[in-house]
Amino acid sequence: MGFFDKLFGGKSKDENTAKFTNQSKTVLTPLQGKVLAQADIPDETFAQGILGPGCGIEPTGDTVYAPFDGTVTQIATTLHAVGITSNDGIELLIHVGIDTVNLKGEGFDVKVKNGDRIEEGTPLVTFDRSVIEKAGYPLVTPVIVLNADAFDTVDPVKLGPVSHGDPLLDVQKKA
């Protein structure tokens with residue numbers, strides 16, 4: 001049972017059998033917006049790195065795209081979060097908004113399903129910003145590497161404005 005199973009419940013269809021083939025991998029930005037330091041995510045669990053290292057994105061768009069080639073590993077039943085695993089074995093959580101689990105799927109449209117093979121740039125989720133904002137929840141979207149213990153470092157490439165597809169996280173493999 002992998003970390004996604006523990007986080008989302010249930011058995012993932014794709015156990016992490018991929019190998020990290022290069023010494024470093026760049027995870028691309030999954031949505032347009034402004035990159036925030038992890039410590040600036042307005043949720044203690046994400047800000048303190050309890051689930052793993054990463055960063056937050058204050059979105060200016062409404063679509064989450066695949067930041068690499070891989071597999072959809074888990075989709076939250078409330079549609080607000082998606083877990084994907086790269087072909088190189090990076091387990092990534094993209095969690096749209098803070099406390100958006102409370103919306104019970106309202107305002108979210110998932111474009112993929114568990115087990116789908118995805119290519120970089122594949123639309124994963126669209127969300128209705130107004131639904132999230134009217135409910136009073138921050139739109140900040142944590143992007144977290146869940147299996148960071150398999151790597152030496154996971155570091156944001158830069159903070160500030162980004163477009164989807166820009167470099168986001170630099171992941172270095174353990175020797």
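An open sheet of 8 strands, with antiparallel pairing, runs in the order β9-β5-β6-β7-β11-β3-β2-β13. Its edges are formed by β9 and β13 (160-162), each of which has a single partner strand, so one side of each is left without a neighbour in the sheet. The model described here is predicted. Its protein chain contains 3 helices and 14 strands.

Within the 8-stranded sheet, the pairing of β6 with β7 may serve as an example. These two strands run antiparallel and are joined by 5 bridges. One position in this pairing is Gly 83, whose bridge partner in β7 is Leu 93. As a general matter, strands of a sheet pair through backbone hydrogen bonds, in either the parallel or the antiparallel sense.

The loops that flank β6 and β7 hold two residues with notable backbone angles. Leu 79 lies in the loop between β5 (70-75) and β6 (81-86), and its phi is near 65 degrees, a positive value in a residue other than glycine. Asp 99 occupies the loop between β7 (91-95) and β8, and its phi is likewise positive, near 65 degrees, again in a residue other than glycine. How accessible is Leu 79? Its relative accessible area is 26%, so Leu 79 counts as partly exposed. Asp 99 belongs to the partly exposed class as well, because its relative accessibility is 39%, and that class lies between the limits of 20% and 50%.

The loop containing Asp 99 leads to β8, a member of another sheet. Here 3 strands form an open sheet with antiparallel pairing, in the order β4-β10-β8. Its edge strands are β4 (63-65) and β8 (108-110), each pairing on one side only. Neighbouring strands of this sheet are turned by 15 degrees against each other on average, direction ignored. Between β8 and strand β10 (residues 123-127) there are 3 bridges, and the two strands run antiparallel. Phe 108 has Phe 127 in β10 as its bridge partner.

Ahead of β10, the loop that follows β9 (117-118) contains Glu 120. Which residues does Glu 120 contact beyond its neighbours within four places in sequence? They are Leu 28, Ala 66, Pro 67, Phe 68 and Asp 69. The C-alpha atoms of Glu 120 and Gly 165 are separated by 8.1 Å, although the two residues are 45 residues apart along the chain.

Arg 129 offers a further example of residues brought together from separate parts of the sequence. This residue is in helix α3 (residues 129-134). With neighbours within four places in sequence left aside, Arg 129 is in contact with Pro 59, Thr 60, Gly 61, Asp 62 and Leu 139. One of these, Gly 61, is 68 residues away along the chain, yet its C-alpha atom is separated from that of Arg 129 by 8.5 Å. A relative accessible area of 24% places Arg 129 in the partly exposed class. Across the protein chain, 71% of the contacts between residues at least 6 apart in sequence join residues at least 24 apart.

Strand β14 (residues 167-173) takes part in two antiparallel pairings. Strand β1 (residues 24-28) is joined to β14 by 5 bridges, and in this pairing Val 27 stands opposite Leu 169. Strand β12 (residues 151-156) also pairs with β14 in the antiparallel sense, over 5 bridges. On that side, Asp 155 has Asp 170 in β14 as its bridge partner. In a regular strand the side chains alternate between the two faces of the sheet.

Leu 169 of this strand reappears in the interior. The largest nonpolar core has 36 residues, of which Ile 84, Leu 92, Leu 124 and Leu 169 touch the most other members. A second, separate core of 11 residues includes Phe 46, Ala 76, Ile 98 and Val 140. In soluble globular proteins, nonpolar side chains tend to be buried together. Of the 175 residues of the protein chain, 49% count as buried. The accessible surface comes to about 7,900 Å², and 48% of this area belongs to carbon and sulfur atoms.

Finally, the confidence of the prediction should be considered. The protein chain averages a pLDDT of 90, and 87% of the residues score at least 70. Over residues 10-19, however, the pLDDT is below 50. This stretch has 24 contacts in the model beyond near neighbours in sequence.

Technical notes: Residues numbered from 1 in each chain as written. Predicted model: local features only at pLDDT ≥ 70, side-chain atom pairs only at ≥ 80, totals over all residues. Heavy atoms only, no water. Pairing = 2+ DSSP bridges. Helix = DSSP H or I, 4+ residues; strand = E, 2+ residues; numbered from the N terminus. Axes fitted to C-alpha atoms, helices over the stretch in contact; angles between N-to-C directions. Contact = heavy atoms within 4.5 Å. Buried < 20%, exposed > 50% of the residue type's maximum accessible area, 1.4 Å probe, protein only. Areas by Shrake-Rupley, 256 points an atom, 1.4 Å probe, with all protein chains shown as cover. Core = buried A, V, L, I, M, F, W, Y, C linked by side-chain atoms within 4.5 Å. pLDDT = per-residue confidence, 0-100.
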